[in-house]
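Please open the structure in a viewer and keep the sequence at hand. The tour below proceeds by selection, with a short account of what is found at each stop.

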Amino acid sequence: MNAPIAGPPDPASARGPLPGYLDHARIGPLSRRAAAALTAATALAGRADPADLDRLFALGDAARDSAARLLDARPHEITLVPSTSNGLFTVAAALHGPGTVLVPRGEFPANVYPWLRFAGRGGPDVRLLDPDGPRHISPDLLRRHLSPDVTALTVSAVDSLTGHLAPLAALKEILGPDRLLIVDAIQGLGAVPLETDAADVLVSGGQKWLRAGWGAALLLIRDRCGERLAPGLGGWAGVTDPFAVRHPAPSLPGAAAHLATNPDFPAAAAIGAAVDDLLGQGGPAAAGIRIRSTLAELLDRARRAGAEILSDGLAPRERAGIGSFRLPGHASDSVHRALEAAGVITTRRDEWIRLSPHTSTPAAAVDLFAEALRSLARRTTRSHGDTRVGTTSPTRATTTSTSTSTSTSTSTESSTHPKAQAHAHAPTSTPTDAQESPCPTS
């Protein structure tokens with residue numbers, strides 16, 4: 001039996017995140033506009049009159065139209081799926097072999113497991129690529145691995161640890177028209193401008209930078225590659241006549257052919273409202289200026305405290321809304337706890353502390369963060385104890401790989417919100433390994 005839902009929330013929860021909330025790469029608290037749309041759509045679902053149901057379906061169509069404006073796409077090239085992971089599994093089920101899909105090592109597991117699961121089951125083989133220094137993918141790295149068997153590259157628009165912004169247009173130019181560029185955009189969409197025109201396929205949930213919550217994600221499948229993707233997970237909602245005498249009925253045109261069932265309409269309303277809100281405030285370009293500026297200030301304060309910055313090897317144009325640091329001589333869990341005690345909410349990834357502010361982050365957050373680091377230094381000085389721990393090179397560690405057997409070291413991630421795990425580098429393996437490494441909670 002399910003436990004009863006608790007009573008009205010604490011009034012403090014209605015005020016939104018703490019001023020020191022710097023964890024939008026993990027969870028973006030619902031924006032007011034998205035929350036209002038979610039509430040209104042839920043009320044429609046509660047009444048369920050025929051006219052209300054029509055309005056719910058219309059909210060889904062409106063969200064698709066808004067996403068088309070954001071992604072510079074045609075509305076029929078976009079559909080709504082339950083999550084980023086679901087969207088990537090949908091694409092993996094649609095992309096038939098033979099061939100090879102390239103996956104940068106260290107990708108969040110959502111962009112690894114779909115390809116592993118379908119390799120050997122009609123999908124292409126998987127080849128993992130070691131990162132190029134602080135860059136999880138680069139044109140030179142792709143060019144070195146672009147063998148004739150490669151049919152697709154799947155990549156995060158923004159790396160979830162380094163904050164590296166993938167050069168999507170340059171990658172697509174190297175791939176050419178006959179190979180697919182598949183993009184997991186969840187760590188970039190809504191935070192910085194993305195070269196979305198280059199993506200043949202793009203997937204993004206709304207619970208991070210769009211601040212739309214869970215339950216709906218955007219799936220973009222360009223017309224130019226639609227015929228190459230069979231509706232592997234397409235169900236009754238993806239066909240022209242779901243009640244036909246004989247099945248399968250013809251698929252719907254465009255991305256809708258890949259729908260398994262109807263979307264979560266309240267969640268669709270929320271993500272549509274979030275996209276409208278983003279566009280109304282100047283779009284990704286305006287958001288990116290503010291987010292990058294705040295992140296630069298935070299990382300500057302960390303440098304003054306003696307921190308090593310993981311993204312310092314990247315050019316400004318290669319940086320998105322994520323930055324990670326570590327303090328030599330301080331255990332990362334101690335730094336994470338000290339920040340939490342000061343009201344600064346971050347994510348810990350092994351020895352790194354990840355910062356991800358938003359346009360809503362107040363200027364006071366920078367001072368709060370800096371004071372927390374100063375307090376940590378003062379406490380360490382007063383303790384007269386050696387609190388130092390071993391450190392490693394500031395660049396992300398990599399493991400030599402081959403196309404048949406690969407693995408990465410396990411990574412630990414924690415935050416002050418125990419029920420929501422963020423992107424973590426997961427141990428992965430190719431289908432030829434005897435066992436696949438366990439997937440961390442996400």
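Select His358 in this predicted model and display the residues around it. Leaving aside neighbours within four places in sequence, His358 is in contact with His24, Trp209, Arg211 and Ile291. His358 itself is found in the loop between strand S11 (352–355) and H10. Is His358 buried or exposed? With a relative accessibility of 7%, His358 counts as buried. Now add Thr359 to the selection: the side chains of His358 and Thr359 make a polar contact at 3.0 Å.

**Along helix H10**

Next, follow the chain into helix H10, which covers residues 364–383, and select Phe369 there. Then select Phe325, which belongs to strand S9 (residues 323–326). How are the rings of Phe325 and Phe369 arranged? Their centres are 5.7 Å apart and their planes stand at 75°; an angle over 60 degrees counts as edge-to-face, so this pair is edge-to-face. The pair links distant parts of the chain, as Phe325 and Phe369 are 44 residues apart. Phe325 is buried, at 0% relative accessible area, and Phe369 is likewise buried, with a relative accessibility of 0%. In total, the structure holds 3 aromatic pairs.

**A network of charged side chains**

The tour now turns to salt bridges, of which the structure holds 22. Side chains of opposite charge can pair when their charged atoms come close. Select Glu77 first, and then display Arg74 and Arg222 beside it. Glu77 meets Arg74 in a salt bridge, with 4.0 Å from N to O. Glu77 also meets Arg222 in a salt bridge, here with 3.9 Å from N to O.

Where do Arg222 and Glu77 lie along the chain? Arg222 is in the loop between strand S7 (217–221) and helix H7 (265–280), whereas Glu77 is in the loop between helix H2 (50–71) and strand S1 (78–81). These parts are 145 residues apart in sequence, so the salt bridge ties them together. Extend the selection to Asp197 and Asp223: salt bridges that share partners join Arg74, Glu77, Asp197, Arg222 and Asp223 into one network.

Colouring the three residues selected first by accessibility gives a further view. Glu77 is buried at 4% relative accessible area, and Arg222 is buried at 6% relative accessibility. Arg74, by contrast, is partly exposed, with a relative accessible area of 48%.

**Helices H1 and H2**

For the last stop, select helix H1 (residues 32–47) together with H2. How do the axes of H1 and H2 run relative to each other? The two axes come within 8 Å and cross at roughly 145°, and H1 passes H2 in a left-handed crossing. To see where the helices meet, display the side chains of Ala41, Leu44, Ala45 and Arg47 in H1, and those of Asp52, Arg55, Leu56 and Leu59 in H2.

Finally, keep only Arg47 and Asp52 in view. Arg47 forms a salt bridge with Asp52, and the closest N and O atoms are 3.1 Å apart. Arg47 is partly exposed, at 46% relative accessibility, while Asp52 counts as buried at 7%.

Methods. Residues numbered from 1 in each chain as written. Predicted model: local features only at pLDDT ≥ 70, side-chain atom pairs only at ≥ 80, totals over all residues. Heavy atoms only, no water. Phe/Tyr/Trp six-rings, centres within 6.5 Å; stacked < 30°, edge-to-face > 60°. Helix = DSSP H or I, 4+ residues; strand = E, 2+ residues; numbered from the N terminus. Buried < 20%, exposed > 50% of the residue type's maximum accessible area, 1.4 Å probe, protein only. Salt bridge = Lys/Arg side-chain N within 4 Å of Asp/Glu carboxyl O. Polar contact = N/O pair within 3.5 Å; in protein donor to acceptor, adjacent residues only side chain to side chain. Contact = heavy atoms within 4.5 Å. Axes fitted to C-alpha atoms, helices over the stretch in contact; angles between N-to-C directions. Left-handed = near helix turned anticlockwise from the far one by under 90°.
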